[in-house]
Each structure stands twice: as structure tokens, then as C-alpha cells.
Amino acid sequence: MEKSADKKLIADKIAAKSSRRGQNPAVFTCQKAGAVKTPKASILPYFIPMEGCPNACIFCEQKQISSHSESPAPERIAEDIEKLNYPHELAFYGGSFSMLPKEKQLYYLKAAAKGIAEGKISAIRISTRPDSIDEEELTFLWGNGVRTIELGIQSLDAEVLHTAGRFYDEKTVFASAKLVKEKGFSLGLQLMPGLPQANYEKDMTTAQKCLAIQPDFVRIYPTLVIAHTKLADMYRKGIYEPLTLAEAVCRCRDIAAVFMANDIPIIRMGLHNTQSLQEGLLAGPFDEAFGAFVYSALAAEHMKQLQALTKCQSITANKSYLPLLFGHKGCNQAWIKEHLPNGLHGSTELQPKCIATENSIFSEKDFLLQYIDKISTK
Ligand code: SF4
């Protein structure tokens, strides 16, 4: 009796919230539906630092961020491809590829052509700006082996974009994203929470608006202050204060929840740690395990939600989920100690990313649907 009442309690709350959002009530079962699909292509990456960019965005210093000060020579690309034992996707990052003159684009794309013919390169991916895409360019890219386009949109807020030195608007982003998808490319979006003029609401609104685009994946990079940028000047003059690590973790946790609840893979959270980044980093929420902190924070919310609904004294979880529930470097331990006097335990019986009390099971997907309702009414 108590068992079904407890289960019903959570199921009713989910159903009520889901129907408010105009969705089918979430199925109250332990399911894998919330698992994030992460593309697992091996990438052969090349950086073309700020090539093609019409101006330097205020936060950007690609040479410092990527540790690549020079663009690659086609001979080097060809040599690298020659050594590959299995197919890779070749990527050009760090600039505005589609804003390069056509001859320069061909200069790079041709370097991969032999690799494509030999089956060593499965496809090419590029990153570029949303205001540099049109039908003709997309036809050209497709014809030269590009299959994935990552658009650095950073924000969809007009004031934030303008201040960042990105002189396009939301309409441009939607139009170019639509074209990219219509032409059959895989579409990635890069977001940058914490820019000047941004706040929690604006960054969350950007994430929610991105759902209408239905990207195939996203990357989330909280704003850092890098030397030799306009943002560094603003920071020194006290005009800009970056997010603290804790603030950035919370903001990215909620942005991540929006995408995960909608089954949009997040393929990267936070910049890679490199020596040159360390040398150029003046301030901001950097941690080499930034993503681990974000997913730990989300796992903590998962437990908090179940505990608030059931008043349970202990939680059992799928064993593989335990490291995230305890949190990176044990960051959730204090909450567990205070709110789960009978502890957090592992089980091989439960499905991935599921947690349970004695009487109820709460999947990550069900949690995420509830959670994004909760944060949307914040
Ligand atoms: S953020 Fe992108 S578009 Fe802006 S300067 Fe850097 S590489 Fe160029």
C-alpha cells in the first residue's frame, strides 16, 4: 500500500508538470531515455586561429586558447592522414572557416581529399560564424566533403552579442541553422554563458531558444578572461566581472538540463586545459574538470528531488552512477551526509542513471523533465 502510494506521489507530480508543459506525461519507469547520446567519431583536429574572422570577438584569443599559433600546412595534414590506421573525421576549428576566401577554403579542403578517397577521412567538420552561411557556400562545402558544421552562436541575446563584438542577430542564427540542417549537415552549436551583459535569465533563454533549432549537439564554454583581448581590458578596468566557478557550474548545470531533457547531446563542457591557456588565463571559472562538476551538480539535484518528494533516509543508485552522485572530488558528500542518514548505496539491478528509494524508482529522464519545469518558473 505504502509502496504504490509513494510511487504514485512522484508519478502524479511528473504528470501534472508535464501536462502543464503540453507534453505527454513522463512514463514513470526506470528507463534509459535520458541517457545522453554522444557521437563517438575520432577527430583529427586542426586549428586555423582566427582565420576568416571579420573582427576579433571581445573574449577571443585563439592562439592562447588552442595553443596553436600557426595554421597547418596542407603537407602536414596530408602526412598526418597518411599515418591513420582507421577512419577519422578531420576538423578545422578556431576560425571562421566559411568566411575565408574560396581559394583558402579549397587549400585546406583539398588537403583532406586524398584521405577521403582512400577512406582514411570519413568526413570534414568546420566551425564558423552564423553570419557567414548561405546556400552557395553550403553547396561548396558539401561538395568538398564537409558534413558537420559547428556554429559559434555564443548567445541569442541582442545586447550580449553586440557587446561581444558579434554583429548579427537571432534571426541570422535561426536562418543559417535552418539552412545547414536543410542541406543535410550535422549541426553543432557553441554557447558561451557568462558574457558581459548576460545573466542567468538571458543565458537560459538562449538555451531554450536553441531547442527550436534542434541542433545535433552543443558545446558549452563558460566565459573566461584571456590575455590580449578586449574582455581582459574590461576586466582590468572593473567593467566586467566573470562568473565564479560555483556560479558557472550552477548556470551550466541548468543549461545542460535543458539540452539533456530534450535529448540533445552535449559533447563538450568547458575548455581543454593547455599550457598556453594557463599562461593566458587572467580570470574566470576554469577547471580542467569543469564538466565533471556540472554533471555532479545535476546528479545532486536528482537526489534532492527524490529526497524532497519521498523524505527518504537513503537512496540506492545504479552502481555506475555512484561517482557522479557522490560528486567530483566528493562535492556532494556533505549533502548526502546531512540528508541521507542511512546513506547512498549502489545496485546492479537498476538501469543506468536511475536512483531509487525502497518504494520508488526515479530515472534521470523523469528528473530532468521535472527539473526544467522547476527552473523555468524560477
Ligand atoms: S570567437 Fe570565433 S569568430 Fe570570434 S574571433 Fe574567435 S574564432 Fe573568430
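So, 15 helices and 13 strands, that's the inventory for this protein. Keep in mind throughout that this is a predicted model. Of its 378 residues, 43% count as buried. And if you take the contacts between residues at least 6 apart in sequence, 79% of them join residues at least 24 apart.

Let's start with the seven-stranded sheet. The order across it is S1-S2-S3-S4-S5-S6-S8, it's an open sheet, and the pairing is parallel. Who sits at the edges? That would be S1, residues 43-47, and S8, residues 266-269. Each of those has a single partner strand, so one side of each is left without a neighbour in the sheet. On average, neighbouring strands here are turned by 20° against each other, ignoring direction. If you want a spot to zoom in on, go to S4, residues 146-154, which runs parallel to S5 with 6 bridges joining the two. In that pairing, Gly152 stands opposite Gln190 of S5.

Now a couple of helices that go with these strands. Take H4 first, residues 102-117. That's 16 residues, and from first C-alpha to last the helix reaches 21 Å, close to the 22 Å you'd expect at 1.5 Å a residue. There is a bend in there, though: a kink of about 30°, centred on Leu109. Leu109 is also one of the buried residues of H4, along with Gln105, Tyr108, Ala111, Ala112 and Gly115. What's covering them? The list includes helix H3, at 74-82, plus strand S2, at 88-93, and strand S3, at 121-128. S2 and S3, you'll remember, are both in the parallel sheet. One backbone detail before we leave: just after H4, Gly119 takes a positive phi of about 80°.

Next up is H8, residues 200-213. This helix has 14 residues and spans 21 Å between its end C-alphas, close to the expected 20 Å. The buried residues in H8 are Asp203, Met204, Thr206, Ala207, Cys210 and Ile213. Why do we say they line one face? Because, looking down the axis of H8, they fall within an arc of 150°. As general background, an α-helix has 3.6 residues a turn, so residues three or four places apart point the same way. Turn H8 around, and the face away from the buried side carries Glu201 and Ala212, which are exposed. The buried residues of H8 pack against helix H7 at 170-182, strand S5 at 186-191, strand S6 at 217-220 and helix H10 at 245-261. So, S5 and S6 again, two members of the parallel sheet. And there's another positive phi here, about 50°, at Gln214 just after H8.

While H10 is on screen, let me jump along the chain to Ile375, in helix H15, residues 364-376. Ile375 touches Asp254 and Ala257, leaving aside residues up to four places away in sequence. Asp254 is 121 residues away along the chain, yet the two C-alpha atoms are separated by 7.4 Å. Buried or exposed, then, for Ile375? In between: Ile375 has 16 C-beta neighbours inside 10 Å, so it counts as partly exposed.

Last stop, the other sheet. This one has 4 strands, in the order S11-S10-S12-S13, again open, but the pairing is mixed. The edge strands are S11, at 344-347, and S13, at 361-363, each pairing on one side only. Neighbouring strands are turned by 25° on average, direction ignored.

You can see where the mixed pairing shows up by looking at S10, residues 315-318. With S11, S10 pairs in the parallel sense over 4 bridges, and there Ile315 has Leu344 as its bridge partner. With S12, residues 354-356, S10 pairs in the antiparallel sense over 2 bridges. On that side, Thr316 stands opposite Ala356. Then there's helix H12, residues 290-310, which packs on this sheet and touches S10, S12 and S13, with its direction at about 30° to that of S12.

To recap: a parallel sheet of 7 strands, a mixed sheet of 4 strands, and helices packed on both, including H8 against S5 and S6 and H12 on the mixed sheet. Okay, over to you.

Key: Residues are numbered from 1 along each chain as its sequence is written. This is a predicted model: local features need pLDDT of at least 70, side-chain atom pairs count only at pLDDT 80 or more; totals for chains, interfaces and linings use all residues. Two strands pair if DSSP finds at least two bridges between them. Axes are lines fitted to C-alpha atoms, for helices over the stretch in contact, and angles run from 0 to 180 degrees between N-to-C directions. Two residues are in contact if their C-beta atoms, placed from the backbone, lie within 7 Å. The expected span of a helix is 1.5 Å times one less than its number of residues. The bend at a residue is the angle between axes fitted to the seven residues ending there and the seven starting there. A residue is buried if 20 or more other C-beta atoms lie within 10 Å of its own, exposed if 12 or fewer, and partly exposed in between; C-beta atoms are placed from the backbone. The arc is that of the directions from the helix axis to the C-beta atoms.
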